[in-house]
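Here are two exercises on helix packing, each with a worked solution. Have a look at the model first, then work through them in order.

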Amino acid sequence: MAERAVLTTGANSGIGLATVIELARRGFHSIGSVRSEAKAEIVHKAAADAGVEVQTILLDVTDAEQCDRAVGGLHLYGLVNNAGYAVTGAIEDVGDDEARALFETMVHAPMRLARLALPAMRESEGGGRIVNVSSIAGRTSAPFAGHYTGAKHALEALSDSLRMEVAGAGVKVVLVEPGGFKTGIWEEFERDVAKREAAGSRYVEAYKRSLQGQRMLEPIMGNPESCAKVIATALTTRFPRSRYLVGLDAQAMNFADSLTPTFIKDRFIRLGLGI
């Protein structure tokens, strides 16, 4: 395993940080990408506290030249595309630049890194693994999450295509679909609501109701470590599944969505949010 290098993007917090540590525990040469030296220090301290060693590289996944240089210098067995962030906003409230930045980070960057990693994976005996961290949002959608869920839907569609395209080379592509995790979600949500309110959004009260609804799910939200274990399983098991749905809230949402007619679901959500 020590000869098998795995790059995890967005490694300084949440699922990414838990993943680089879990992979190091399992004997991989674990590499985490971060965007600054300060964030690299966070990773190294967490790794030291866990008694493992993690390598860090500086990488902005939206910078094509940086990606080329970074991945070109690594012979990867595994790639975990985790880097991303949430955007809360009605379609009317999200501008072009904000939408493009989100899709660049969460759709184009994972495919760019996969494209760069694939030549070495094809050359390796036993192929390689690409794990794309999606979300329950890759299966469903909701008001004020249109751009975020749109990015996750796109990531899932691209992953499905990629999985079939590279299967003949022994490379396996896996989607991991977490529900909500306690990884700074409330701070991001509140930041976005404050920004929409300052811009005079007509949906401010509905945003606040949505935040209250999300908080009600907190007791059944998972933790990043449990998701990291699933990612590690996807990298180590002989026959990984195409999709791993992670978290009680994700499973509950997926079950409810599969049983509820669309017009009933829409009506229920609109009544709850007052829209």
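**Exercise 1.** In this predicted model, work out how helix α4 (residues 96-123) and helix α5 (residues 146-166) are arranged, and what their contact consists of.

*Solution.*

Step 1: start with the axes. Those of α4 and α5 come within 9 Å and cross at roughly 15°.

Step 2: turn the angle into a class. Angles under 35 degrees count as roughly parallel, so α4 is roughly parallel to α5.

Step 3: check the hand. α4 and α5 make a right-handed crossing.

Step 4: pick out the contact. On the α4 side, the residues include Leu 102, Phe 103, Met 106, Val 107 and Met 111. From α5 come, among them, Tyr 148, Ala 151, Leu 155, Leu 158 and Leu 162.

Step 5: sort by class. The contact of α4 with α5 has 16 nonpolar residues, plus three polar and three charged.

**Exercise 2.** Now do the same job for helix α1 (residues 14-25) and helix α8 (residues 224-236).

*Solution.*

Step 1: the axes of α1 and α8 lie 8 Å apart, and the packing angle is about 50°.

Step 2: roughly parallel stops at 35 degrees and roughly perpendicular starts at 65, so α1 is oblique to α8.

Step 3: the crossing of α1 with α8 is right-handed.

Step 4: α1 brings Gly 14, Ile 15, Ala 18, Thr 19, Glu 22 and Leu 23 to the contact. Facing them in α8 are residues including Pro 224, Cys 227, Ala 228, Ile 231 and Leu 235.

Step 5: split by class, the contact of α1 with α8 comes out as nine nonpolar, two polar and three charged residues.

Key. Residues numbered from 1 in each chain as written. Predicted model: local features only at pLDDT ≥ 70, side-chain atom pairs only at ≥ 80, totals over all residues. Heavy atoms only, no water. Axes fitted to C-alpha atoms, helices over the stretch in contact; angles between N-to-C directions. Helix = DSSP H or I, 4+ residues; strand = E, 2+ residues; numbered from the N terminus. Parallel < 35°, antiparallel > 145°, perpendicular 65-115°, else oblique. Left-handed = near helix turned anticlockwise from the far one by under 90°. Contact = heavy atoms within 4.5 Å. Nonpolar A, V, L, I, M, F, W, Y, C, P; charged D, E, K, R; others polar.
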